[in-house]
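Here is a short briefing to read alongside the model. Please have the sequence and the structure open as you go.

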Amino acid sequence: MRTPYLAGISITVLCVLIAILVYDASSSDMHASFDPIENQRHERDHNDAHSSAHISTSDAQDTKQAAFSDQKIFPIPHSPEIDHELAKIGWALFKDPNLSSNRSVSCESCHSLQTNGAEVIPVSIGVNGAGMRNSLTVFNTVFNYRFFWDGRVNNLADQIDGPVHNVDEMDSNWELITNYVSQSDDYINMFQAEQLPIETASIKLALIEFMQGLTTPDAPFDQYLRGDINALSDAAQRGWETFQDEGCIRCHQGTNIGGGMVMRFGYFGLSKTGSERSEDQGRFMFTAQPQDKHLFRVASLRNVAITAPYFHDGQTATLEEAIKIMGESQLGKTFEDQTISDIKTFLETLTGDRPQMLVEFENE
Ligand code: HEC
Ligand code: HEC
């Protein structure tokens with residue numbers, strides 16, 4: 001039953017790989033000005049391609065015909081190809097607090113499916129109390145090439161071990177989870193219907209399939225990229241120009257307008273940069289290499305207007321303030337209020353529709 005589906009995936013994976021090669025070649029001119037760390041994004045292994053594997057042919061054509069030929073940002077593809085039954089198991093698991101060690105915290109506790117796939121508090125609270133980082137949204141995460149704030153993981157499958165094992169989050173492990181799932185009649189029926197054995201791999205598969213469906217297409221900016229010039233107001237178009245001219249786009253690019261590379265937070269050492277704002281040392285905490293201090297993943301700007309508070313520590317409350325900080329710390333520029341307002345208006349056009357799959361699940 002899954003064979004045509006797999007064949008479809010292989011073809012799209014191939015297309016995506018070709019697209020990545022072309023895209024990398026066209027963006028190589030930007031490598032001169034920043035830390036060599038960004039070259040690491042060329043290491044993307046084949047596993048990464050699975051993340052974007054669901055782009056359909058018609059969407060690839062859409063992208064080709066889009067308004068800009070030297071485009072660095074791509075619209076979110078329409079209708080991801082999802083195995084709905086498998087994703088539905090993932091949905092049940094995602095909402096199930098029994099997956100955590102004290103049976104009180106589900107994935108959804110920190111990644112709200114009703115709102116933006118994240119949460120509104122600065123840092124997450126797990127089974128053992130407060131953690132250190134702002135929860136990332138699970139919406140559109142499938143288009144990232146790096147996962148977590150420090151980009152320590154390269155694909156969604158490895159990512160999933162993170163929250164499960166993190167003592168601040170769920171403090172659980174796959175053995176406990178698999179035991180629990182294999183004793184639940186509901187899950188037994190659901191996995192049987194999909195002809196999948198109840199084991200860790202199947203549970204991860206279901207969670208990943210679910211997250212693949214959490215995309216928010218058709219933001220005004222996507223409509224603009226597909227050729228509808230009127231989808232952006234004049235102010236938003238000015239903001240988009242500024243975003244390109246001032247250099248935001250050198251780091252924030254790709255389908256997720258970020259999520260692809262790891263960069264230093266605080267190139268220009270001004271106020272509230274990575275080193276001054278928190279104890280969090282970013283990638284260094286994972287590699288222990290001094291040159292990795294304060295390296296963080298370039299945040300995705302998809303739905304950024306509705307995912308306050310900002311930055312890894314969630315210590316910045318407003319989008320205006322976040323834009324101001326980016327100008328100072330990443331570009332060494334102090335923006336006029338008008339410029340900040342234009343960029344903000346542009347960023348607001350990155351808010352897409354709530355994932356259609358969730359709406360369908362809730363109505364079934
Ligand atoms: C206690 C709160 C909490 C729980 C529970 C939790 N997460 Fe997270 N999640 C976070 C935080 C905080 C981050 C960012 C961590 C970091 O960058 O170090 C995150 C990051 C992620 C990311 C990475 C997104 C990206 O683009 O890099 C994904 C995907 C994710 N979580 C999925 C899940 C799934 C699936 C579960 C359940 C198995 C889960 N989370 C449970 C708080 C939580
Ligand atoms: C040199 C690379 C670089 C440039 C240039 C850059 N950014 Fe960023 N941006 C980052 C990184 C890295 C982060 C994540 C920082 C963190 O929280 O650790 C980020 C985070 C953000 C966030 C916060 C997102 C969130 O969800 O918390 C916003 C908003 C943002 N950038 C907007 C901009 C704008 C607007 C510009 C241009 C004025 C810009 N950035 C220029 C690298 C860059």
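Let's begin with ligand 1: by class, its shell has 14 nonpolar, 9 polar and 2 charged residues. Please keep in mind that this is a predicted model. The points below cover the surroundings of both ligands, then a pair of helices.

**Around ligand 1**
- The shell holds 25 residues, and C107, C110, G126, F148 and P163 are the closest to ligand 1.
- At least two shell residues come from each of helix 5 (107-110), helix 7 (161-165) and helix 10 (200-212).
- Helix 5 provides the largest share of this shell, with 3 residues.

**Around ligand 2**
- Ligand 2 is surrounded by 28 residues, of which C248, C251, F296, F311 and M326 come nearest.
- Two or more residues of this shell are given by helix 13 (248-251) and by helix 16.
- Helix 16 contributes the most, with 6 residues in the shell around ligand 2.
- Sorted by class, the shell around ligand 2 has 19 nonpolar, 7 polar and 2 charged residues.

**Helix 16 and helix 17**
- Helix 16, which also lines the ligand 2 shell, spans residues 319-331, and its axis comes within 10 Å of the axis of helix 17 (residues 337-348), crossing at roughly 115 degrees.
- Helix 16 is therefore roughly perpendicular to helix 17.
- The crossing of helix 16 with helix 17 is right-handed.
- On the helix 16 side, L319, E320, I323 and K324 meet I340, I343, K344 and L347 of helix 17.
- By class, this contact has 5 nonpolar, no polar and 3 charged residues.

Notes
Residues are numbered from 1 along each chain as its sequence is written. Chains are lettered from A and ligands numbered from 1 in the order in which they are written. This is a predicted model: local features need pLDDT of at least 70, side-chain atom pairs count only at pLDDT 80 or more; totals for chains, interfaces and linings use all residues. Axes are lines fitted to C-alpha atoms, for helices over the stretch in contact, and angles run from 0 to 180 degrees between N-to-C directions. Helices (H or I, at least four residues) and strands (E, at least two) are DSSP runs, numbered from the N terminus. Angles under 35 degrees count as roughly parallel, over 145 as roughly antiparallel, 65 to 115 as roughly perpendicular and the rest as oblique. A crossing is left-handed if the near helix is turned anticlockwise from the far one by less than a right angle, and right-handed if clockwise. Two residues are in contact if their C-beta atoms, placed from the backbone, lie within 7 Å. Ala, Val, Leu, Ile, Met, Phe, Trp, Tyr, Cys and Pro count as nonpolar, Asp, Glu, Lys and Arg as charged, and the others, Gly among them, as polar. A residue is near a molecule or strand if its C-beta atom, placed from the backbone, lies within 6 Å of it.
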